[in-house]
Amino acid sequence: MSTTNMATSNYWEDLRKQARQLENELDLKLVSFSKLCTSYSSSRDQRTRDSRSDSFGPSQDNMLVAMTTELEQLLAKLTAVNDQMAEYTNTPGASSHNAALMHTLQRHRDILQDYTHEFHKTKNNLVSLREREDLLGSVHRDIESYKSSSGVNNRRTELFLKENEHLRNSDSLIDSAISIAMATKENITFQRGMLKSIQTRVTTLANRFPAINGLIQKISLRKRRDSLILGGVIGACTILLLLYTFR
């Protein structure tokens with residue numbers, strides 16, 4: 001093997017090493033981010049009940065902001081590594097192994113897409129949770145202000161309190177659904193890590209024995225189909241739960 005081929009081969013392996021390191025770090029950070037969002041959800045009711053809680057839990061808010069920024073940076077780094085890997089597959093020295101390189105590159109791209117999707121989903125859930133918290137906190141403060149200024153527990157106040165209680169009950173149901181979804185996500189993340197390890201070993205065998213490469217592609221297609229079906233079921237259950245809640 002010539003010096004040039006060895007250099008390009010080492011460059012590709014360095015890129016793969018960087019990609020795997022970033023993927024492992026993202027996997028751990030996403031699990032921690034999900035748990036932190038769940039903790040934020042659990043403490044939301046206390047913050048809503050306390051009308052003076054504008055400064056409650058600043059450290060938790062700072063952690064969420066810091067972790068969001070860190071995850072965005074890691075995703076950007078992994079995207080850059082994937083782009084470098086894509087550029088390498090187009091170099092003349094990589095043409096003899098182009099099929100195997102493209103297969104490896106596609107696998108890393110799929111992992112990046114999954115991590116990006118999970119990050120944005122968890123981040124959007126957090127944004128929605130904060131919006132509901134602000135709304136309910138404002139309603140609660142308005143009620144307390146009205147009660148203290150009027151000093152009379154009339155019919156209008158009772159209706160207002162009942163409506164607020166209904167909103168709180170609905171929000172609790174939504175929080176439960178989010179907690180279940182996050183727990184399911186953590187379980188799926190753990191299973192995905194196991195499957196990724198198995199897939200890496202199988203991919204190594206496929207590169208050594210091209211005859212089973214077609215079988216690997218069929219397994220990958222079936223895995224994506226199962227993921228779409230599972231996502232559809234979870235989405236349908238969530239929609240049904242929301243419809244039942246606000247019925």
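In the predicted model, R224 is partly exposed, with a relative accessible area of 42%, and its side chain forms a salt bridge with D110 in which the closest N and O atoms are 2.5 Å apart. This pair links distant parts of the chain, since R224 belongs to helix α5 and D110 to helix α3, with their positions 114 residues apart in sequence. The neighbouring residue R225 is likewise partly exposed, at 46% relative accessible area, and its side chain meets that of D226 in a salt bridge with an N to O distance of 3.7 Å. D226 has a relative accessible area of 37% and therefore also counts as partly exposed.

A further salt bridge joins E70 and K29, the closest N and O atoms lying 3.1 Å apart. Here too distant parts of the chain are linked, E70 being in helix α2 and K29 in helix α1, 41 residues apart. E70 has a relative accessible area of 28%, which places this residue in the partly exposed class, and K29, at 24% relative accessibility, counts as partly exposed as well. The count of salt bridges in the model comes to five, the pairs described here being among them. In general terms, side chains of opposite charge can pair when their charged atoms come close.

These contacts are set within a protein chain that has five helices and zero strands, so that the pattern read along the sequence is α-α-α-α-α. Of the 247 residues of the chain, 30% count as buried. Among contacts between residues at least 6 apart in sequence, 81% join residues at least 24 apart. The chain exposes about 15700 Å², of which carbon and sulfur atoms supply 58%.

The largest nonpolar core comprises 31 residues, and within this core L26, F33, L64, L71 and M85 touch the most other members. The elements that contribute two or more residues to the core are α1, α2, α3 and α4, the last of these spanning residues 155-208. When residues up to four places away in sequence are not counted, L64 touches F33, L36, C37, Y40, L126 and R130.

Aromatic contacts were also examined, and the count comes to three aromatic pairs. One of them is formed by Y11 and Y88, whose rings are tilted, with a distance of 6.0 Å centre to centre and an angle of 50° between the planes. This pair links helix α1 (residues 3-49), which holds Y11, to helix α2 (residues 58-89), which holds Y88, across 77 residues of sequence. Y11 counts as partly exposed at 38% relative accessibility, whereas Y88 is buried, with a relative accessible area of 8%. The rings of F33 and F119 form another tilted pair, because their planes stand at 35° and their centres are 5.9 Å apart. F33 lies in helix α1 and F119 in helix α3 (residues 98-150), so this pair ties together parts that are 86 residues apart in sequence. Both F33 and F119 are buried. In addition, Y11, W12 and Y88 form one aromatic cluster.

At the surface, I188, L230 and I234 form a nonpolar patch with about 210 Å² of accessible area together. Within this patch, I234 is found in helix α5 (residues 213-245) and counts as partly exposed, at 33% relative accessibility.

Technical notes. Residues are numbered from 1 along each chain as its sequence is written. This is a predicted model: local features need pLDDT of at least 70, side-chain atom pairs count only at pLDDT 80 or more; totals for chains, interfaces and linings use all residues. Side-chain values use heavy atoms; hydrogens and water are left out. Rings of Phe, Tyr and Trp (its six-membered ring) pair if their centres lie within 6.5 Å; planes under 30 degrees apart count as stacked, over 60 as edge-to-face and the rest as tilted. Helices (H or I, at least four residues) and strands (E, at least two) are DSSP runs, numbered from the N terminus. Buried means under 20% relative accessible area, exposed over 50%, partly exposed in between (1.4 Å probe, protein chains only). Patches are made of residues with over 30% relative accessible area and no salt bridge: like charges are joined within 9 Å, nonpolar side chains (Val, Leu, Ile, Met, Phe, Trp, Tyr) within 5 Å. Accessible areas come from the Shrake-Rupley method with a 1.4 Å probe; for residues, only the protein chains shown count as cover. A salt bridge is a side-chain nitrogen of Lys or Arg within 4 Å of a carboxyl oxygen of Asp or Glu. Contact means heavy atoms within 4.5 Å. A nonpolar core is a set of buried Ala, Val, Leu, Ile, Met, Phe, Trp, Tyr and Cys residues joined through side-chain atoms within 4.5 Å.
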